[in-house]
Amino acid sequence: EAPGGTRTALIDKVSLRDGGNEGFIDNGFSGEVEWYVEDEVWMVQKEGSSSAKLQKPGITSSESTASGKLFAIVRPKFPPILLPVVYSVEISDMVKDETVECLSNGPCTESFFDGMAQEFGSIFNSQIFLAQSPNPDDPPFPSTVYKFEDFMTALDKLNRKEKFQMWLGDGCGVHAKKQAYVNIAAFLGQAMRETIIYDACDENNWDLWRADIEKEPQSPPEILPAFYPMSSSCGQLGQSYEDYDCDDACPKDPTMDIIGTTNADWIGAPPPLFCGPKSKYNDLGYWNPLKFCQGPDNSCIDEPFTYPGQSAGIHVPVSQDDKYPEWYYQNPLPDVDGNTQPPRFDNLPRTNVEGCCWWGRGVIQTTGRCNFGKLNKNLGAGASQGALYPDINFCKEPQALCDGPSELKWIAGIFFWTSEVEQYGLSLFGITILNQYKLWVDTFIGLGCADDPESEDCDFLFEYASGIVNRGCPDPGDSGCPGCIPGATCDPAHNVPERVEASKQALRAFLQLPLNPGGGGRSGGGGGGGGSGSTGGTC
């Protein structure tokens, strides 16, 4: 036995059956294979025409038998397909030999996160975690909200909770480190486009609707009037975050009263999202970003919904414009490019924000009663003994993600990633493959993309991750994923090329390759050689 060692089992003969036809793993086999004994992952190494060596990473036991059903997940080296072929064969007492290897220090060591923070903290904080400036002519600047050391703290804390730890590779060797770097880069690429680029923890009000409303005469003619609903905290693009329900969802609470911490800071930007009872907020209309504040000398001080740094923009209540919301949404106008959104007759913005406290927060925008409920049940006050944050009830204090400990805004995103992305799977022939995402990662590595992200055909993994994060499935296409909400989520994933590039930029940093000067990029709208690193140490 050795800490972090690998158990190697030699099996005499494994036949793959498909419709009565037998085939063997041999030296001429052109595909990639993953083996599953019951629910455990083994790695295969071809030994000859009728035998294979199966490796079980991280096993230190000296047991020399295996039994149960052996699943072989076979997939071509390229293209990486969503539907691999599945074979199965019964095994019992087939193990003939066993060795235990002692491998170099890798991502399974306790010092991994400290080493990552020391080696990569500076470059991520200064050159990769970049936010766009309110002035499009100014360069991006280092994020003030998201720091690499907080990310490492979040990973370290979740690593103590085995159920929710981020996948950092199978084993401790160089291959495992590549798996860890690729997975972390895929996550960070989404984070960079979801929130870091906006330097925001709270969801911004971005649901712009073109309408012929008043604007200042000094406003350039090419800037067309448009508004933002004041009730965007209830859900944007016709969504209703309060109605995202599940067994673990937070209870509805009409008395909750919360104001967001962050918001966009361009001139005239809407205020932070907020919620509260009808007795406090009613008659809510829209935010007009093209009007000066109404105070003395156009001052915004003491204006309704004023916020620090505000220099323009006003709230127009329903009582001052009876066309809102029905008439404006039923009679859309073309934008500056001549494109007109389809009219909306249902799911119009509300004129109050009662019960609307479930807007997106954190690095991958945890949103809705269901997601906050899951977070609370597993990590907060609703969890069993040993919760990471037993004193925080995320159902009563969802704003803790932005106002609480600095690593929390990362932890919520990692929790989503480990439960939704890393566990993304498909059912094939009655078999549920829980590690479909991990197969994609290994395909990515097998194509050489973990050594050179610029190689041909190296976008697929980050494209799939973008689809899952942004729309709920790897390939939403032009019309969204099954079960999408028409007019809201039945669209392509948002800013996929930019998300792919952001993930590659993170991977370049881990590989110590030259960074792409444009890797941070600028938003298109909305809102989104080595490879072993410092292995160091011996068993």
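**Exercise 1. State which residues of α9 meet which residues of α10, then describe how the two helices pack.**

Solution. Step 1: on the α9 side, Phe 462, Glu 463, Ser 466, Val 469 and Asn 470 make the contact, and on the α10 side they meet Val 496, Arg 499, Val 500, Ser 503, Lys 504 and Leu 507. Contact means heavy atoms within 4.5 Å. By class, the contact of α9 with α10 has 5 nonpolar, 3 polar and 3 charged residues. Ala, Val, Leu, Ile, Met, Phe, Trp, Tyr, Cys and Pro count as nonpolar, Asp, Glu, Lys and Arg as charged, and the others, Gly among them, as polar.

The model is predicted: local features need pLDDT of at least 70, side-chain atom pairs count only at pLDDT 80 or more, and totals for chains, interfaces and linings use all residues. Residues are numbered from 1 along each chain as its sequence is written, and side-chain values use heavy atoms, with hydrogens and water left out.

Step 2: helix α9 covers residues 460-471 and helix α10 residues 496-511; their axes come within 9 Å and cross at roughly 120°. That makes α9 oblique to α10 (under 35 degrees is roughly parallel, over 145 roughly antiparallel, 65 to 115 roughly perpendicular, the rest oblique). Axes are lines fitted to C-alpha atoms, for helices over the stretch in contact, with angles from 0 to 180 degrees between N-to-C directions. Helices (H or I, at least four residues) and strands (E, at least two) are DSSP runs, numbered from the N terminus.

**Exercise 2. Describe the packing of α1 and α2.**

Solution. Step 1: helix α1 (residues 112-128) and helix α2 (residues 148-159) have axes 8 Å apart, at an angle of about 150°. Step 2: α1 and α2 are therefore roughly antiparallel to each other. Step 3: the contact residues divide into 8 nonpolar, 3 polar and 2 charged. Among them, Phe 113, Met 116 and Phe 120 belong to α1, while Met 152 and Leu 155 belong to α2.

**Exercise 3. Give the strand order of the open sheet of 4 strands and place β13 in it.**

Solution. Step 1: the order is β12-β13-β16-β17, with antiparallel pairing. Two strands pair if DSSP finds at least two bridges between them. Step 2: the edge strands are β12 and β17 (314-316), each pairing on one side only. Step 3: β13 pairs with strand β12 (residues 209-210) over 2 bridges in the antiparallel sense, and Arg 210 stands opposite Ala 226 in β13. Step 4: β13 also pairs antiparallel with strand β16 (residues 286-288), again over 2 bridges; there, Tyr 286 is the bridge partner of Pro 229. Step 5: both faces of β13 (residues 226-229) are covered, with Ala 226 and Tyr 228 buried on one side and Phe 227 and Pro 229 buried on the other. Buried means under 20% relative accessible area, exposed over 50%, partly exposed in between (1.4 Å probe, protein chains only).

**Exercise 4. Asp 199 has a positive phi, and so has Asp 297: is each buried or exposed?**

Solution. Step 1: Asp 199 has a positive phi of about 50° although it is not a glycine, and its place is in the loop between α3 (174-194) and β12. At 14% relative accessibility, Asp 199 counts as buried. Step 2: Asp 297, in the loop between β16 and β17, has a positive phi of about 55° and is not a glycine either. Asp 297 is exposed, with a relative accessible area of 81%.
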